[in-house]
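This briefing is meant to be read with the sequence and the model side by side. It begins with the packing of one helix and then turns to a charged surface patch and to the protein as a whole.

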Amino acid sequence: MHGLYHKKRDDLEEELQKNLEEIFRNANMKFSFGPSGTAGYGPARGGGVGGDDQADRDSNDEQERVRQAALRRIREFNLKPREIRDYLDRFIISQDEGKKVMSVAICDHYNHVRMCLDQEIERSMDYVKPNVLLLGPTGVGKTYLMRCIARLIGVPFIKADATKFSETGYVGYDVEELVRDLVKAADGDTDLAQYGIIYIDEIDKIAGRNTSGGRDVSGRGVQVNLLKLMEETDVNMVSQTDIVGQMQAMMSMQGGGEGKRTINTRHILFIVSGAFDKLSERVRSRLGRGQIGFSGGIETAGRVGDDQEEDELLNQVESVDLVEYGFEPEFVGRLPIRVGFRHLSAQDLEDILKNSEGSVLRQYRNDFAGHNIDLEVDSEAITEIARRAAREKTGARGLMTVLEKLLREFKFELPSSAVRQLRVDKELVADPAAALKALMELNRESQIGQLRDEASQFAVRFADEHGIEIEFTDTALRRLIESCLESHRTMRSLCEAKFKDFGYGLQLLARNTGKRKFRITARTVDNPDRVLSKWLTESYR
């Protein structure tokens, strides 16, 4: 019994050691257990392979060069608002006001960061961070604009949805995880992460509304916690609820490791955005009350849901509107810069397809190019695609929806065909099924030639795998091609299904007869199992 106890304990210690080594692999620590069951640890040592050590050193040197280059871009930041706007114009169609506002905010913020790095006195002076609130419907370019800006200036960037956070972090996420995620985006480099950008979408969803499904607080609690981050605070690199992270930090310290345990948010720029449904109605109500007895103000005539009217109203949002919507006054005050993004019209969507460097058409061209197919879309087709996408009411995302539905069958059928060029015109947009049928018929002869080549390729693979040569007769090839065209199957899958037993069967024949080359006729194609059985039976006579 005593021996059984020690055996079980040894098994548990071995399992625990494996688990700890897996957990602490990223911390480069090695665990072992002594005879008494106490744990020992120390830096993990390599296997003594010089090449691996040199590769690690080269990798570390490259990472350090990249890190220093990123920090140098921040220290030497000298972009002008027009330069940022011009860069954004290459990717973002329309949204002129949004691009202008963001260009100025970025220049103001990173010029201040540069001065703080150059002049010690700047660090002690009061500074109101230009955090930004973006208002507007989905799919109009808010997130894409921020990604483009982060790429231009070379700073870490993360995006998160406000709906996943809670006040305590036990049910939802702790808001401080945003900063820790930013550090991860910077590959653990806190010096670089402290100058990054945090983008929080769907901020309107935490406008003081209690939610069901296990959330332990209302959105107001999340707002209060975000206040500290958006202003200035020190965030622990390891969460209090992250037991594994705390153990890693402890072992790193005891092993002589160095590194920051906190990161300051003073120079982290916060951008928040949301669709803000019904906010325009509050603005309209406020403007209406303010216009009683006066001749000034804006005209708000027209139907309530008019996109243009809503765009105009969102650009006149004031702090009082946001407070009435459900935000804490202190939270609103931390977002001094606000700009509305307008709905995208059919013309805007057409311009995106034609002119944006980030156009989804580029993605579709690359998708088809991966199968050696050249995709062309004429102007009339682009106009109709944009018109349909506008009806989706999802902004630029509607373009993907329309194109996917339009080209779905083409992306499925053409890679296995002989078609090497696809031209999308207004006729194809009107009836894609008919256009696909006509295209396949037009390329029928080329398709037959390709199927012949695929049959030859199958014979070559068969010989390489089984050491047996097979040769298809002309009638057999015609029968296989007819079957492929009728069943819409590839030649490879058809041959693999029909001749699945021929590898082993023909090897038996080769041993019995000495033959290593066999002709496949139309009769063999029609009844492969029966023919193979007959050949094997005759070989034993």
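In this predicted model, the buried residues of helix α15 pack against three other helices, namely α16 (360-369), α17 (379-392) and α18 (397-413). The points below follow that helix, then a patch of positive charge, and then the overall figures.

**Helix α15 and its buried residues**
- Helix α15 spans residues 346-355, and its buried residues are Asp348, Leu349, Glu350, Ile352 and Leu353.
- Glutamate 350, which lies in helix α15, has a relative accessible area of 10% and therefore counts as buried, since the cut-off for that class is under 20%.
- When neighbours within four places in sequence are left aside, glutamate 350 is in contact with Ile382, Thr383 and Ala386.

**A positive surface patch**
- Arg523, Arg530, Lys534 and Arg541 together form a positive patch on the surface.
- Lysine 534, one of the residues of this patch, is located in helix α26, which covers residues 528-539.
- The relative accessibility of lysine 534 is 42%, so this residue is classed as partly exposed, a class that lies between the limits of 20% and 50%.

**The protein as a whole**
- The protein contains 26 helices and 13 strands, and 41% of its 541 residues are buried.
- Of the contacts between residues at least 6 apart in sequence, 74% join residues at least 24 apart.
- The exposed area of the protein is about 29,800 Å², of which carbon and sulfur atoms supply 48%.

How values were computed: Residues numbered from 1 in each chain as written. Predicted model: local features only at pLDDT ≥ 70, side-chain atom pairs only at ≥ 80, totals over all residues. Heavy atoms only, no water. Helix = DSSP H or I, 4+ residues; strand = E, 2+ residues; numbered from the N terminus. Buried < 20%, exposed > 50% of the residue type's maximum accessible area, 1.4 Å probe, protein only. Contact = heavy atoms within 4.5 Å. Areas by Shrake-Rupley, 256 points an atom, 1.4 Å probe, with all protein chains shown as cover. Patch = residues over 30% accessible without salt bridge, like charges linked within 9 Å, V, L, I, M, F, W, Y side chains within 5 Å. Salt bridge = Lys/Arg side-chain N within 4 Å of Asp/Glu carboxyl O. Lys, Arg positive; Asp, Glu negative; His and termini not counted. Charge placed at Lys NZ, Arg CZ, Asp CG, Glu CD.
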